[in-house]
Every structure is written in structure tokens, then in C-alpha cells.
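Please open the model in your viewer and keep the selection tool at hand. This tour moves from one selection to the next and says what there is to see at each stop.

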Amino acid sequence: MSYSLNEVEALSKRAARGAGLDWGLAEEAAKATRWLCANDLDGCRLLKSVLDAHQDDSQNSQPPRFLSGEWSGQMGTLCPMRSGAALSDCAAQVASEGVEIRDLSNPLFMLPFVAAVARVTKTCLHLAWEGASITTDGNTVDLTFAAETTPYVGRAGRLVITQSAPLTKPAKSLCRANPSSQDWDDLNTLAALTYAPATETSRRLGAGDGQTDND
Amino acid sequence: MTGRAPLTVCRRDPKRVMRLSRLGSLHQCRLSFMRILTRRMADEAWEFTCSVFNIAADGTGHAVYCAKGPERTYSLVAFAHDLAPEMRSDRVIAEAWDATFTLFDGIPDASEIARLSQNVPLQEAGRVSESELSLSRANRSVRLWKHVVEALAAGQQPDPAQLTSVGYLMRTTAVYGSGKFGAADRELIADRPEFAAPFQAEMLSVFLTRAFVLDLVEHAAQVKGGDTAVRLDPKVARQLGIGNSTGLGMAPFIVNHPVLFNNWIMAREEALLRVRQVCRATRAEVAQFEEVLGRSARSIAQWHSEHPVQIIKLDALRGDLDALFSYLTEHDLTKKNYPWDQLVRWSEANLSEEGQELVVSLVMEPYGPLVDDLSADLSDDHSDVFFIAGSMTVRILKNLIQSCFGWALELDWSNPKNCARAWYVSAEKLEPRIGSRFEEPIEDYEQPLAPARDAVRAFVALGEWDQDKTVAEFLLVHPEHRHTIRRVQISATAPYSEIQDNTISEDVLPIDMLRAKLSFFGATHFDPRSDRWVRICMFQGAPYPCELTKDNADYWVYPGSEAGE
């Protein structure tokens with residue numbers, strides 16, 4: 001089924017929150033998922049994978065220890081959401097000096113954050129990991145993946161972000177997303193964790209007692 | 001004369017404007033979304049047709065109403081249903097309605113009508129596509145519907161008193177837009193001039209819905225009365241709007257869209273400032289103000305509510321009107337310097353918040369050329385404010401919190417009264433709700449709709465940090481404050497982005513938030529039915545699509561319009 005990008009963003013935010021992310025990160029995860037879908041990438045599949053990693057084992061979803069030098073976790077794999085958020089917080093530094101990140105899960109989920117940095121700093125950035133080479137100015141994306149690799153690889157040993165020459169191809173974005181029904185259902189299951197179970201009080205008072213609505 | 005004077009006043013202080021009691025006293029104005037729509041359609045000479053009216057004798061079927069603008073045509077596709085009385089509920093949680101609607105982008109063909117007929121009547125349980133710009137439904141006012149059908153069928157006009165007491169034949173219970181249930185995202189249509197201002201597609205759908213409802217009631221009377229039946233007198237028809245019941249679903253909107261809400265309030269405040277800076281008012285301008293004031297007083301006379309809070313506010317407002325008329329008798333505004341500024345200052349000293357905000361809305365009326373261009377600033381389509389400025393120092397961030405939420409830093413947040421409520425989404429209905437934090441098991445599900453409390457929490461955490469560290473470093477350790485810090489940074493450039501009140505206090509009235517939003521739609525006759533939902537009327541007094549001209553496109557909101565009573 002085709003979904004609007006607002007539906008993708010709204011569900012992604014709830015799912016990310018349901019998976020235990022703080023609200024601010026959930027908002028950014030939702031915008032990232034929407035951006036991926038608008039650029040013809042399977043954002044819902046990636047978000048699902050990122051949230052699974054986040055829930056499974058906190059060792060697999062670390063924030064970077066420091067924001068200088070090579071970025072790495074205390075121990076275990078870096079979370080692309082925490083790393084992506086940190087990346088956007090250091091936009092000027094990233095755009096001018098680039099950054100190297102070691103041991104990151106779901107590396108493609110970094111792309112929307114790199115794109116946001118490119119857009120805000122008005123630069124063109126290159127993002128690479130083994131088998132993947134991506135250039136973006138924030139609105140346009142040029143992706144190259146080696147034949148034997150998938151864009152949706154679960155982990156990258158080393159990810160490098162550098163400045164690049166401007167892109168020449170025109171921007172093209174989609175206005176609908178077509179996630180697999182399984183991913184959509186899984187995100188809905190996570191989102192449901194944010195809904196308060198109904199109680200007698202909430203049924204009676206939650207939306208406002210009051211006068212009849214028929215006349 | 002509308003010459004600009006040296007700056008003697010500035011825009012009103014957000015700390016006063018953004019209090020909930022004042023936001024809950026806002027009135028429609030020239031920048032309201034319904035009036036922006038009717039002005040544009042009249043200026044551009046839009047053409048309206050009913051291309052299909054396939055309604056059977058039992059009142060069921062479908063109809064299509066087309067609105068043709070300079071470049072594009074939009075079609076309201078309406079489905080009329082036979083709803084059992086016990087199924088009729090205005091709550092957003094209802095599952096069946098008297099009529100259901102979608103605004104189609106273009107002119108639908110038979111296959112599209114067939115697709116929509118399978119989905120639109122189901123509302124939330126169906127799916128629409130990127131060809132649809134809205135999804136909505138409406139229920140009859142059973143009482144008035146029956147009376148009007150019976151009167152018209154018998155060849156008579158309905159009783160004016162009954163029309164006035166209800167004000168509409170149908171009321172919508174939700175008008176969904178922007179990507180909801182599969183519809184087109186706002187981003188898809190935001191670059192069309194006709195949809196540049198907020199909620200124009202939704203307003204257009206309601207404007208056309210009103211035409212359908214009139215045709216439907218006349219059809220029902222025709223079926224019942226045959227040759228005896230008459231049509232509704234156009235002047236009488238014009239006094240019927242479309243009702244709307246709005247509940248808590250709308251309240252979080254103004255918190256969740258801080259930049260957009262800032263832009264609405266900023267435009268209104270800027271319009272007020274421009275009018276206050278008018279050095280001398282002409283006799284014609286003063287006369288126009290006095291005319292809309294008089295007509296507004298008539299509208300207010302017809303505004304009824306049974307809610308104790310609104311009854312008190314209405315009483316005060318009626319007293320304010322008397323005081324205003326006295327002021328105008330005693331002061332010749334054409335002889336004063338900065339007459340509107342003086343009037344606003346006088347109102348601040350002498351009127352209730354309802355009256356003060358009415359004055360703000362009304363003083364803009366003679367000054368369309370001075371303020372109407374602000375309608376271009378109401379949207380938020382190109383901002384990158386979502387991005388956190390991580391290089392900001394902790395010191396500067398703390399200063400920002402102090403300047404935006406200083407009052408909240410003084411509040412004792414450990415006092416249960418100050419955090420008695422919590423906003424949540426219910427599993428049963430997937431709708432926003434507000435509950436009692438200490439009496440219901442909802443805190444774990446709390447939505448981030450208490451920006452002031454959260455700002456205080458961030459401020460406390462920041463207090464333990466070296467003032468020269470960066471926000472990026474702070475957030476690496478404290479991701480739980482990201483949403484708050486984003487808002488605080490937004491407030492630096494958007495002074496009206498934050499409600500300057502406690503949205504989780506024991507005595508918070510969600511209807512204040514509803515009214516703030518609905519006033520920008522252009523709604524009138526706010527009638528709170530509890531502290532959590534409100535009835536309003538839309539397009540009451542407006543010309544019907546086929547009657548729309550430049551002469552009647554703007555001031556219809558005030559009874560006794562140009563078309564004359």
C-alpha cells in the first residue's frame with residue numbers, strides 16, 4: 001500500500017518513542033525516515049532495523065564517546081540515530097573537516113543526517129563505507145553500491161564523511177512511500193507501546209464529559 | 001491617511017499575548033483562513049458548479065461540486081447516507097455519519113468516484129490517495145433539519161428564531177488534511193498560490209460542503225412536498241453556516257507546531273502594530289470601524305453558551321461593547337493622533353481580555369491594504385529550524401530558557417497542582433487525551449506537551465555544566481533534553497512560539513487552546529460543551545459559492561453584510 005510521507009513521519013515518531021527513544025531523538029528518527037522514503041530508499045525497513053538494534057542490546061546502540069577525532073563507542077557498535085543526531089549538532093565541524101566513524105550499525109540511516117548537514121551548511125558531502133559511496137547536497141543524492149552489497153547492510157566497520165564536489169544531477173523526490181506490510185505492522189506494534197490502555201476513568205473523562213453532542 | 005509614523009509602539013509582549021486565558025479569548029480577523037480563501041476566490045473569479053447530484057428520494061447517493069480557479073479545479077465529492085438516529089454522534093470516535101466528503105484534486109471520473117465511494121464513507125477505516133486533499137464528515141442538526149425540511153415541503157420558510165438558535169444544518173466532526181489516511185501531503189500542494197496560506201484546502205472543502213448541505217435539504221423538502229415545496233430564501237440560507245465540534249485532538253497542534261503557531265500570532269501582532277502606527281484616521285476609516293463594531297455586536301448578541309466559563313466571558317464581552325460604544329461617543333477618532341493606538345491602550349485598561357482581543361481584530365478591518373499582505377507569512381513551509389545549533393554554549397542556552405520560560409523557573413513543579421495533568425494518546429481511540437497524573441496510570445505514556453516544565457528540567461541539568469561547553473556536548477550525555485532544546489532555540493527567533501502558561505496545571509482549560517486555533521480558522525460563536533470540547537460555526541453569513549463576488553467576499557462574517565438583510 002502507498003502511504004503519505006506525513007503518515008510515515010507520524011508513525012516513525014511513535015514507533016521510535018515506543019522503542020524507548022527520547023522524544024527529541026524520536027522526532028529526528030521520524031524526519032530521517034521520511035527523508036529516506038522521499039529519496040526512494042526503504043526508510044521504514046531501516047528504521048525498523050535501527051529500533052530492533054536499540055531494543056535488543058544497548059551494546060549495539062551506543063552514542064559516540066567524544067565529538068573530536070575518530071568517533072567510536074565506549075564498547076560495542078554505534079547507533080546511527082545517536083551518531084546522526086550528534087553529527088547534525090556538529091554540522092560546521094563535519095562540513096569543514098569531515099569525520100570518521102568506527103563500527104556503526106545500519107550505516108545508511110546516517111544518510112539523512114549527513115544530508116541535513118549538507119543542506120544547512122550549503123556544502124556537498126560524501127559518505128562512504130565498504131561497498132557504498134554516496135554524495136549529497138541535502139536535496140539530491142547520488143548513490144553507488146558495489147554489486148555484491150546491499151544498501152541495507154546491518155553494520156559498517158568504518159564510515160567516512162568528507163566534502164565533495166557539487167552534484168550536477170537534478171533533485172528528484174517522491175511524495176509517497178511503499179513500505180512492506182511487515183515493516184509497517186512492526187512499526188505499528190512499536191507505536192502501540194506509546195498508547196495508554198483505556199480505563200473507566202479515561203473512557204469517561206479523557207475527551208471531556210459534557211453535554212450531549214446531538215441536537 | 002495611513003502614513004507611517006516614527007515607531008512609538010512595538011508588537012505586544014509574548015508574555016502577555018501567549019497566556020492561555022488570552023489565547024482562549026481570540027476572535028477571527030482579516031487574516032483568518034476562511035476570509036483569506038473567500039477573498040482570493042472572489043479576486044480570481046473562481047467558477048463553481050454542481051456537476052453531479054445523484055441523490056435518491058431516500059436522501060442517499062453522491063454529489064460533486066467543482067471549484068475552478070485560474071490554473072486548477074478542485075472537486076468536493078459528497079456522499080449522503082441514511083444514518084440511524086442511535087448512530088449519530090459528533091465525537092471523533094464515531095463510525096458512521098449523515099454525510100462524508102473528500103476534496104479531490106481535479107475532476108474525478110467514474111472510476112475515481114467508485115474508488116472513493118468504497119473508502120470515503122468509512123473515514124478513518126478507509127484509505128484515500130494523493131489525489132485527495134481532505135477527508136471529512138458531517139452530521140445533521142436533527143432538530144433544525146427536520147424543521148427546515150417540513151417548512152419548505154409545506155411551502156413555507158422556516159422559523160428564523162430556530163435557525164438563529166442552531167446556526168447550521170450540519171456540523172462537521174473532523175476535517176482531515178495533509179497526508180492523513182493516505183491523502184496528499186501539504187508539501188505536495190504548498191507551492192500552489194491558492195494553498196499558500198494554512199488550511200486552505202480544508203476551508204475550501206467546508207465552503208463547498210455548505211453548498212451541498214443547502215442543496216440536500218432543498219432536495220429532501222422537494223421529495224417530501226412535491227409541487228408544494230419551496231426553496232430556502234437565499235437571505236435565510238446565508239445565515240446558516242457549517243457547525244463544527246472540536247475536541248482534544250486539536251489542542252496539541254499549537255504545541256506541536258511552534259513555528260507555525262508563532263507565524264499566525266506574529267502576523268496578527270504585526271497587523272495590530274501597523275494599525276497602531278497609523279497617525280490619523282480618515283472619517284471613512286473610522287466609519288468602517290464603527291460599522292463592523294456594530295455588526296460584530298449583533299453577532300455577539302446571537303452567541304450563546306451554556307458553559308459557566310463562557311457565560312461569564314460573554315457577559316463581560318457584552319459589557320465591553322457598551323463601554324466601547326460610549327468611548328466612541330465621547331471621542332472623535334478622526335481628531336486624535338494615533339487613534340487606534342489610543343483605543344488599544346484604553347481597551348487594555350478598561351476591557352476584559354475578550355473585549356481587548358475583539359478590539360485588536362476589529363481595528364484591522366479598515367486597513368486591508370495595510371495588513372492583508374501578512375497572509376503570505378502565515379505558513380511554515382521552508383524553515384530549517386528543526387536543526388539544533390550544537391555550537392551554542394551552555395551559557396547562551398540557559399539565557400534563552402530564562403528569557404522564554406523565566407516564569408516557569410519560579411514555579412514549584414513538585415507541587416501536585418502544578419503538574420496535575422498529563423497528555424496522552426489513548427490505545428482505544430488513538431486520540432489525544434488529558435488525564436490526572438496522580439489518579440490514572442498514564443504518566444508512562446505522557447506526550448511532550450508541557451514545554452515549560454521540560455524547559456525547567458533542562459535548565460536544572462544545564463546548571464551542572466561548565467557554561468562554556470557546547471550544546472552538542474551536553475546533548476551527547478543528555479539526549480532526553482533534545483526536544484526541549486530544539487524548542488528553546490526556536491523561541492529565540494520565533495517569540496510567539498511558546499504558550500506562556502502551564503499546560504499541565506490542575507486548572508488548565510484545553511478549550512483555550514482549541515479556541516486559539518479555531519479563531520485563526522475564522523470560526524465564530526465558540527460554545528464550549530465542557531472544558532475539553534467546543535462547538536463553533538464556520539462560514540455563517542458567507543455567500544454561497546455561486547453568489548461569491550468581490551463585494552461580499554470579505555465582511556460576510558459580520559451579520560448584516562453588504563448583500564443586505
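Begin by selecting strand β10 (residues 524-528) of chain B: four of its five residues are buried, so β10(B) is largely enclosed by the rest of the structure. Here a residue is called buried if 20 or more other C-beta atoms lie within 10 Å of its own, exposed if 12 or fewer, and partly exposed in between, with the C-beta atoms placed from the backbone. Strands and helices are DSSP runs numbered from the N terminus, a helix being H or I with at least four residues and a strand being E with at least two.

Before going further, note that this is a predicted model, in which local features need pLDDT of at least 70 and side-chain atom pairs count only at pLDDT 80 or more, while totals for chains, interfaces and linings use all residues. Residues are numbered from 1 along each chain as its sequence is written, and chains are lettered from A and ligands numbered from 1 in the order in which they are written.

**The partner of the opening strand**

Add strand β11 (residues 534-538) of chain B to the selection, and you will find that three bridges join β10(B) to β11(B), with the two running antiparallel. Two strands are said to pair if DSSP finds at least two bridges between them. The two strands are joined by a hairpin through five residues, and B:Pro528 has B:Val534 in β11(B) as its bridge partner.

**Chain B as a whole**

Now select all of chain B, whose secondary structure comes to 21 helices and eleven strands. Its radius of gyration, taken over C-alpha atoms, is 24 Å, close to the 24 Å that the globule rule gives for 565 residues, so chain B is as compact as a globular protein of that length. That rule is 2.2 Å times the number of residues to the power 0.38. Along the principal axes, the C-alpha atoms of chain B fill a box of roughly 85 × 60 × 45 Å, and 50% of the 565 residues count as buried.

To colour chain B by domain, use the bounds from an automatic or database domain assignment, which gives domain 1 (19-28 + 255-376 + 516-532), domain 2 (33-231) and domain 3 (394-493). The C-alpha centres of domain 2 and domain 3 of chain B lie 41 Å apart.

**A sheet shared by two chains**

Next select β8 (421-426) and β9 (432-436) of chain B, together with strand β8 (residues 195-196) of chain A. These three strands form an open sheet of mixed pairing, in the order β8(A)-β8(B)-β9(B). At the edges stand β8(A) and β9(B), each with a single partner strand, so one side of each is left without a neighbour in the sheet.

Look first at the pairing between the chains, where β8(A) and β8(B) are parallel over two bridges, and A:Tyr195 stands opposite B:Val425. Then turn to β8(B) and β9(B), which pair in the antiparallel sense over five bridges; B:Trp423 stands opposite B:Ile434, and B:Ala422 has B:Gly435 as its bridge partner. These two strands form a hairpin with five residues between them, and in its turn B:Leu430 has a positive phi of about 50 degrees. Four of the five residues of β9(B) are buried.

**The contact between the chains**

Which residues take part in the contact? It takes 54 residues from chain B and 45 residues from chain A, where two residues are in contact if their C-beta atoms, placed from the backbone, lie within 7 Å. On the side of chain B that touches chain A, α19(B) gives the largest share, five residues.

**The nonpolar core**

Select A:Val114, A:Val117 and B:Val217, which touch the most other members among the 226 residues in the largest nonpolar core. Helix α8 (residues 200-225) of chain B gives the most to this core, with 14 residues. A nonpolar core is a set of buried Ala, Val, Leu, Ile, Met, Phe, Trp, Tyr and Cys residues joined through C-beta atoms within 7 Å. Not counting residues up to four places away in sequence, B:Val217 touches B:Trp145, B:Val148, B:Val149 and B:Leu169.

**Two loop residues to finish**

Select B:Ala45 in the loop between α3 (33-43) and β1 (47-55) of chain B, where phi is near 55 degrees, a positive value in a residue other than glycine. Is B:Ala45 buried or exposed? With 12 C-beta neighbours inside 10 Å, B:Ala45 counts as exposed.

Last, select B:Gln123 in the loop between α4 (110-119) and β5 (132-140) of chain B; B:Gln123 has a positive phi of about 50 degrees although it is not a glycine, and it is buried, with 23 other C-beta atoms within 10 Å.
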